[in-house]
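This report describes selected packing and backbone features of one protein chain. It begins with burial and then turns to helix contacts and loops.

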Amino acid sequence: MFLQLCVGIGVLALGALAIAVYIAMSQLPSFDSLKSSPNGQMIRVHAADGTVIVSMGPSFGEWLPYGQIPKVMRDATVSVEDRRFRSHIGVDPVGVARSVKVRYDRGHWTQGGSTITQQLARTVFLNNQKKFGRKFREAILAFALEWKFTKDQILELYLNKVYYGGGAYGIDAASRKFFGHGADHLSLAEAAVIAGLVKAPSNYSPTADAEAAMGRAGVVLETMQETGAITASEAADADVSGLKLAPEPKQNSVRYFTDWALPQLDTLIDETTEPLEVWTTLDLTMQRQADDAIRANAPPGAQGALVALDRGGEVRAMVGGKDYVSSIYNRATQAVRQPGSAFKLFVYLAALEAGHKPEDSIVDEPVTIQGWSPRNDSRRNSGAVSLRTAFAYSLNTIAAKLGQEVGFNTVADMARRFGITTPVNTHPSMVLGTSEVRVIDMTRAFASVASKGVAVTPYGITRVTANGQTIYTHEVDRSHVLVAPYVAAEMTDLLQTAVNTGTGRAAQIGRPVAGKTGTTSSSKDGWFLGFSSGITTGVWMGRDDAKPIAGLHGGTAPARAWAAFMKPATANRPIEQFDTKVTLPEWQLEPDEESYFGQPDNGQMAVDADGNPIEQGQPPVPTDAQTGDTIPRPDADQPQAAPAPPPQQMNQDWIDRVTGRERREPSPAGRQPLQRDVPRDGPRDGSRDQVQTQRFQSDQEERPNQ
């Protein structure tokens, strides 16, 4: 009677099991549906040279059909995970019995008896909780999978979906992560490493513990030999220790770029499920150079940002801060800061388009516009000067007069025309850069000038592929003309002068450069933007809390960082001459050549390495031809200092002509050296050519009047 009862219960249990399996099988998705439902979208991002720089999502491999999966990979997996895979019906009684015995002997679970089919059921439909209910559902699903699909289909699903560690689901993802190539080219040794990861992905990851990974791969090879999948000689020839791992992708500053570029996929493509390969414009060499330039030159406590555009708008480098790990805030694309006199680009573009020429004369004099009275940084006026001189020395009064003449709305429209996306105010002080802007927008504007007035639009994604098919390709639009070519050429003329003789001398790199500095009040922001040999780069430095930084000016740290990046970035490019040659402003046209190379005299005002004034009684800064730190002011009415003048000083006749003053006789004690201005945007170290211009320049760097 008891036996009959047991048989009856067993029949009922089998019937219930069969019904449960049938119901589960009827609810299973189709094979094609399971293939097309990855664990989140997989995105792999490539630099311009094809190097994988970032892998996004839980997996980033391509689906490999059974026939394309190397036999060594299939055999390695079956041997180490489920050697009776081909004979059981979803659950392996022998494996279960062995697992229970080990549990009884050791007092805790140390190994599972799960088959490949059970692991697939758990991966796709369940979780990893070690509870009886979950194990029962896992078994039901395993029976259903075996009932609905073939062994080859189950193994194909498993190898393309199981987790191998490091965010990689599937053998192709694991192969690319650890070995840098697709799984269809796996060697025996590589297959052994990957097959060994399933048991404990974190413990056996070759990038985390190479020794443990090699030891586990050895176990896999021994198991393959035991099951007859390989011979002893094949196992011996598999050189696991000689495997070369793919280098870990850089996860620091490149993430500023990918964080900016990848969200654009939503507007470029409609694909949201298939694995994506995204090819970008980023130049890894330039990116490293940009990183180095910002970190080496940004003042302590300050942040820095850099954007470099190629002539078609390709973003070759993007740095959004000193360190992505400590701050993901992208100051190149998200931060809005005042540009200072870098904004004068739009003032002068509007003036040139209105008919002005670089040689036009305009009077530098006190001016009041709607109650606003701008002042030059030197607190003086120089009389009639050319537009070229006014731009080179960033005379604020001239910018104000030009803005009033062409209209402040016109200047604002010019800024928007050249790609400024932030609001631009139309108050008179806007000509000095009081409207906040983004680094990438300002860089875009300068790039459009470099492109002879044709609009340049920054972009980072060149093409996108899904499962080997190209679904997006970027096309550069060169049809949008912003200003006439001659206007862009004249603007380039002015920008060259600013670098060669004006406030941007620290940006000289030994080839033609056109650019502009920008400094805001109290040295809260420093900018340098410019172009050379087809590359346009914008640099900003400042504090996130907008507090002043002693010694920060556009012509100091930002210009030096710009040069530190651009010099190697353009090194392999041909030297390109601009349409217009550099013309020195009139203050530089003194015929006495000796005056260009004389030692600067030590006046009452000197500066330290950060551009700060040195008080009376402190040792003066070095003023030899190597440092060129001090800059004379063409103003003979200032009190004179006691030290005797060094040789080859400026000729007083020349000073009188420049300043428009009548000739005065020297005092009986002899002519005294001129008092110095504090250099606001000049280099702190310079070449002979830089020094020659520093003897005379008026150093009219910018500050919005606040």
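A residue counts as buried when its relative accessible area is under 20%. Ala 142 has a relative accessible area of 0% and is therefore buried. The model in which this value was computed is a predicted one.

**Chain overview**

The chain contains 25 helices and 16 strands. Of its 706 residues, 55% are buried. The accessible surface amounts to about 30100 Å², and carbon and sulfur atoms contribute 52% of that area. Among contacts with a separation of 6 or more, 73% are between residues 24 or more positions apart.

**Two buried helix residues**

Ala 142 belongs to helix α6, which spans residues 132-148. Leaving aside residues up to four places away in sequence, Ala 142 touches Ile 89, Gly 90, Thr 117, Gln 118 and Ala 121. Ala 142 and Thr 115 are 27 residues apart in sequence, and their C-alpha atoms are 8.6 Å apart in space.

Gln 287 lies in helix α15, residues 284-297. With 2% relative accessibility, Gln 287 also counts as buried. Outside the residues up to four places away in sequence, Gln 287 is in contact with Ser 253, Val 254, Leu 282, Arg 316, Ala 317, Met 318 and Val 319.

**Helix α9 and its neighbours**

How many of the 8 residues of α9 are buried? The count is 8 of 8, so α9 is largely enclosed by the rest of the structure. The buried residues are Leu 188, Ala 189, Glu 190, Ala 191, Ala 192, Val 193, Ile 194 and Ala 195. They pack against α3, α8 (171-179), α11 (210-226) and α12 (232-237).

Two of these neighbours are described here in more detail. Two packed helices are described by the angle between their axes and the distance between the axes. The table gives both values for each pair.

| Helix pair | Angle between axes | Distance between axes |
|---|---|---|
| α3 (residues 71-81) and α9 (residues 188-195) | about 40° | 9 Å |
| α9 and α11 | roughly 110° | within 8 Å |

The angle of about 40° between α3 and α9 makes α3 oblique to α9. The crossing of α3 and α9 is right-handed. On the α3 side, the contact involves Val 72, Met 73, Ala 76, Thr 77, Val 80 and Glu 81, and on the α9 side Leu 188, Ala 191, Ile 194 and Ala 195. By class, the residues of this contact are 8 nonpolar, 1 polar and 1 charged.

With their axes crossing at roughly 110°, α9 and α11 are roughly perpendicular to each other. Here Leu 188, Ala 192, Val 193 and Ala 195 of α9 meet Ala 217, Val 220, Leu 221 and Met 224 of α11. The contact of α9 with α11 has 8 nonpolar residues, with no polar and no charged ones. Leu 188 and Ala 195 take part in the contact with α3 and in the contact with α11.

**Helix α18**

In helix α18, residues 396-406, 9 of the 11 residues are buried, so α18 is largely enclosed by the rest of the structure. The buried residues are Asn 396, Thr 397, Ile 398, Ala 399, Ala 400, Lys 401, Leu 402, Gly 403 and Val 406. Their cover includes the helices α16 (344-353), α17 (387-392) and α19 (408-417), together with the strands β6 (361-364) and β7 (383-386). Just after α18, Gly 407 has a positive phi of about 105°.

**Positive phi outside glycine**

Most residues other than glycine have a negative phi. Ser 533 is not a glycine, yet its phi is positive, at about 50°. Ser 533 sits in the loop between β11 (525-532) and β12 (535-542). At 2% relative accessibility, Ser 533 counts as buried.

Ala 546, likewise not a glycine, has a positive phi of about 60°. Ala 546 is located in the loop between β12 and α22 (557-569). Is Ala 546 buried or partly exposed? Its relative accessible area is 33%, so Ala 546 is partly exposed.

Definitions and conventions
Residues are numbered from 1 along each chain as its sequence is written. This is a predicted model: local features need pLDDT of at least 70, side-chain atom pairs count only at pLDDT 80 or more; totals for chains, interfaces and linings use all residues. Side-chain values use heavy atoms; hydrogens and water are left out. Axes are lines fitted to C-alpha atoms, for helices over the stretch in contact, and angles run from 0 to 180 degrees between N-to-C directions. Helices (H or I, at least four residues) and strands (E, at least two) are DSSP runs, numbered from the N terminus. Angles under 35 degrees count as roughly parallel, over 145 as roughly antiparallel, 65 to 115 as roughly perpendicular and the rest as oblique. A crossing is left-handed if the near helix is turned anticlockwise from the far one by less than a right angle, and right-handed if clockwise. Contact means heavy atoms within 4.5 Å. Ala, Val, Leu, Ile, Met, Phe, Trp, Tyr, Cys and Pro count as nonpolar, Asp, Glu, Lys and Arg as charged, and the others, Gly among them, as polar. Buried means under 20% relative accessible area, exposed over 50%, partly exposed in between (1.4 Å probe, protein chains only). Accessible areas come from the Shrake-Rupley method with a 1.4 Å probe; for residues, only the protein chains shown count as cover.
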